[in-house]
Amino acid sequence: MDRTVESLCNQLARAKVLSADAIRGLRLEWRAAAGVAADRVADFRQWLLRQQRLTAFQLDMIDRGYGDLLHFGEYKLTERIGRGRMAGVYKGVHSSGQVVALKVLPPTKAKDPQILGRFLREARLAVKLDHDNVVRTFQSGVQEDMHFIVMEYLDGDTLDEILKKRKRLPGPEAVAILIQALEGLEHLNDEGLVHRDLKPGNLMLLSESSTPLTESMANCTVKILDIGLGRALFDEGTPGAGELEITSDGAILGTLDYMAPEQARSAHSADIRADIYSLGCVMYEMLTGQPPFPDTNFARQMRRHAEETPKPPADTVAGLPPQLNAIVLKMLAKDASMRYATPSQAIKDLKALAAPTLGPVKPSRPMRSYLSWLEMQRLHKQPGEFHPAPPVKVEQASSPPAVWRAQSPPQTPKAAALPQAMPVPPPAAPPAPAAAPSPAAPVPIIVQVTGDQVVGHAFEDTWKKIKTHGWGKRDWIAAGIGAGAALLLVFFLWLIWRLASG
């Protein structure tokens with residue numbers, strides 16, 4: 001049967017990508033605009049795209065019979081924006097209008113215990129993070145066997161994409177990027193987390209400037225992405241951790257170009273100093289145009305990381321300050337005890353070089369209505385449903401815009417199988433915190449109880465009082481009166497019975 005404009009409208013209605021009233025309105029608009037071509041399906045599709053009523057991704061999903069997969073609870077998918085090793089990443093819109101990114105794990109992938117365990121671990125760790133330099137995760141959930149994570153949408157370029165075009169960066173720009181990455185890493189360290197896969201592809205750069213990041217780094221914000229390989233310190237042996245175990249002894253986690261020697265030997269023994277080593281490799285590549293130990297042979301590259309001293313960046317980069325050269329080499333020390341113990345120590349030395357040059361950073365904030373909805377989900381969470389992140393810290397609307405890290409601004413809050421993996425948006429302004437109730441006007445609490453519950457509670461209170469304090473004089477008098485009344489009632493009942501039977 002040939003498709004018609006009417007059949008396409010019916011499909012849109014079944015997929016619920018638009019309301020019935022909106023579809024009827026579009027149909028009338030199209031008839032008026034198209035005239036004699038009103039029944040041409042291809043023209044109608046192109047018109048919908050030009051009017052920005054639907055996206056090519058949504059129309060393609062509907063054409064292929066996957067229209068029901070365009071919704072995840074209150075979220076509607078609009079584009080596919082990435083395809084990872086495990087899951088697809090999609091751009092979506094919440095019913096409040098908040099644009100987000102959804103990372104979706106198809107049921108076919110969820111059948112693999114390792115993949116599912118890693119996905120669940122990423123969701124569990126990510127919702128704890130709340131920092132300007134770490135991608136924020138809002139929720140995790142499952143719908144019809146499809147696990148998903150809801151994150152802030154980031155419209156920018158990864159450092160990997162920028163380095164492919166620019167090859168290397170000037171020292172001041174590289175320092176400013178490294179400082180922000182280290183500040184995000186410090187937040188992970190504060191939360192007891194280790195990333196284990198820091199590399200240029202996991203550092204996203206955002207800019208409010210119209211100039212492409214490949215040409216200028218002005219007003220740039222760095223975001224750490226993808227903690228899917230991360231782990232929480234000391235949680236590997238906790239109850240339930242076994243079902244989330246994602247590696248076996250001897251497994252290699254991370255990317256060899258940026259992997260610390262101790263992490264290559266044992267991923268579970270790596271701590272925050274391994275992440276500092278990885279960022280040292282990233283900094284080396286930003287300055288020189290390549291990682292410290294590029295190699296096509298897997299075993300040889302591991303050995304070079306463990307044994308070979310990297311060529312000092314100053315030997316390649318003319319005019320590189322000796323202090324910066326020393327900082328990079330310290331981050332790349334073979335012995336973890338010889339590196340910086342925490343990211344904050346490296347930040348202190350880097351900031352002593354010169355003022356950062358990336359300009360002010362404006363933190364991204366979700367919409368107030370979306371944050372209110374998240375809080376309601378958190379308060380009414382049901383097992384197996386949405387799992388929102390903790391409440392987002394909200395600043396007053398009158399707060400001055402945060403400046404770049406040189407001034408250390410306050411942190412802000414970060415079914416059927418899918419066809420392959422499927423499409424991430426920037427947040428807006430958060431809601432003002434609700435005022436706490438005044439002590440003089442307590443909030444009434446209404447509790448419904450049964451008569452049995454009232455008697456039970458009264459008995460428990462009385463028995464506790466007897467056990468704790470003993471009976472007082474008034475208690476004994478009341479008990480005596482009650483016992484006498486009971487005996488008198490029994491006597492009258494006996495008397496009535498005797499008179500009636502005599």
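Where does lysine 167 lie? The legends below visit this residue and several other places in a predicted model.

**Figure 1. Lysine 167, in the loop between two helices.** Lysine 167 lies in the loop that runs between helix H7 (159-166) and H8. Is this residue buried or exposed? Lysine 167 has a relative accessible area of 52%, and because exposed means over 50%, this residue counts as exposed. Its backbone is worth a look too: phi of lysine 167 is near 70°, a positive value in a residue other than glycine. For background, most residues other than glycine have a negative phi.

**Figure 2. Glutamine 52, another loop residue with a positive phi.** Look for glutamine 52 in the loop between H3 and H4. Its phi is positive, about 60°, although glutamine 52 is not a glycine. With a relative accessible area of 71%, glutamine 52 is exposed.

**Figure 3. Helix H4 and the elements around its buried residues.** Which residues of helix H4 (residues 56-63) are buried? They are Phe57, Gln58, Leu59, Met61 and Ile62. These buried residues pack against two helices, H1 (5-15) and H3 (41-50), and against two strands, S2 (75-83) and S3 (88-94). After H4 comes glycine 65, with a positive phi near 85°.

**Figure 4. Helices H1 and H3, packed at an angle of about 45°.** The axes of H1 and H3 are 9 Å apart. What word describes how these two helices sit relative to each other? They are oblique, because their angle of about 45° is neither under 35 degrees nor in the range from 65 to 115. On the H1 side, the residues to find are Val5, Leu8, Cys9 and Leu12. They meet Val41, Phe44, Arg45 and Leu48 in H3. Sorted by class, the residues of this contact are 7 nonpolar, no polar and 1 charged. Here is a hint for reading such lists: an α-helix has 3.6 residues a turn, so residues three or four places apart point the same way.

**Figure 5. Helices H8 and H13, crossing at roughly 155°.** Helix H8 (residues 171-190) and helix H13 (residues 343-351) have axes that come within 8 Å of each other. Because angles over 145 degrees count as roughly antiparallel, H8 is roughly antiparallel to H13. The crossing of H8 past H13 is left-handed. Which residues make the contact? From H8 come Val175, Leu178, Ile179, Leu182, Glu183, Leu185, Glu186 and Asn189. From H13 come Pro343, Ser344, Ala346, Ile347, Leu350 and Lys351. By class, the contact holds 9 nonpolar, 2 polar and 3 charged residues.

**Figure 6. Helices H10 and H12, packed at an angle of about 140°.** Here the axes of H10 and helix H12 (residues 322-331) are 8 Å apart. That arrangement makes H10 oblique to H12, and H10 passes H12 in a left-handed crossing. H10 brings Ile276, Tyr277, Leu279, Gly280, Met283, Tyr284 and Leu287 to the contact. H12 brings Leu324, Val328 and Met331. How many residues of each class take part? There are 9 nonpolar residues, 1 polar residue and no charged ones.

**Figure 7. Proline 292, a buried residue in a loop.** Proline 292 is found between helix H10 (272-288) and helix H11 (298-307). Because buried means under 20% relative accessible area, proline 292 counts as buried at 7%. What is proline 292 in contact with, apart from its neighbours within four places in sequence? Its contacts are Asp257, Cys281, Tyr284, Arg304, Pro310 and Leu332. Threonine 309 is 17 residues from proline 292 in sequence, and their C-alpha atoms are 9.0 Å apart.

**Figure 8. Methionine 367 and valine 99, 268 residues apart in sequence.** How far apart are methionine 367 and valine 99 in space? From C-alpha to C-alpha, the distance is 9.3 Å. Methionine 367 lies in the loop between H13 and helix H14 (368-379). Its relative accessible area is 24%, and methionine 367 is partly exposed.

**Figure 9. The whole protein, to place the close-ups.** The secondary structure comes to 16 helices and 12 strands. Of the 502 residues in the protein, 44% are buried. The accessible surface comes to about 25,900 Å², and carbon and sulfur atoms account for 57% of that area.

Conventions:
Residues numbered from 1 in each chain as written. Predicted model: local features only at pLDDT ≥ 70, side-chain atom pairs only at ≥ 80, totals over all residues. Heavy atoms only, no water. Axes fitted to C-alpha atoms, helices over the stretch in contact; angles between N-to-C directions. Helix = DSSP H or I, 4+ residues; strand = E, 2+ residues; numbered from the N terminus. Left-handed = near helix turned anticlockwise from the far one by under 90°. Contact = heavy atoms within 4.5 Å. Nonpolar A, V, L, I, M, F, W, Y, C, P; charged D, E, K, R; others polar. Buried < 20%, exposed > 50% of the residue type's maximum accessible area, 1.4 Å probe, protein only. Areas by Shrake-Rupley, 256 points an atom, 1.4 Å probe, with all protein chains shown as cover.
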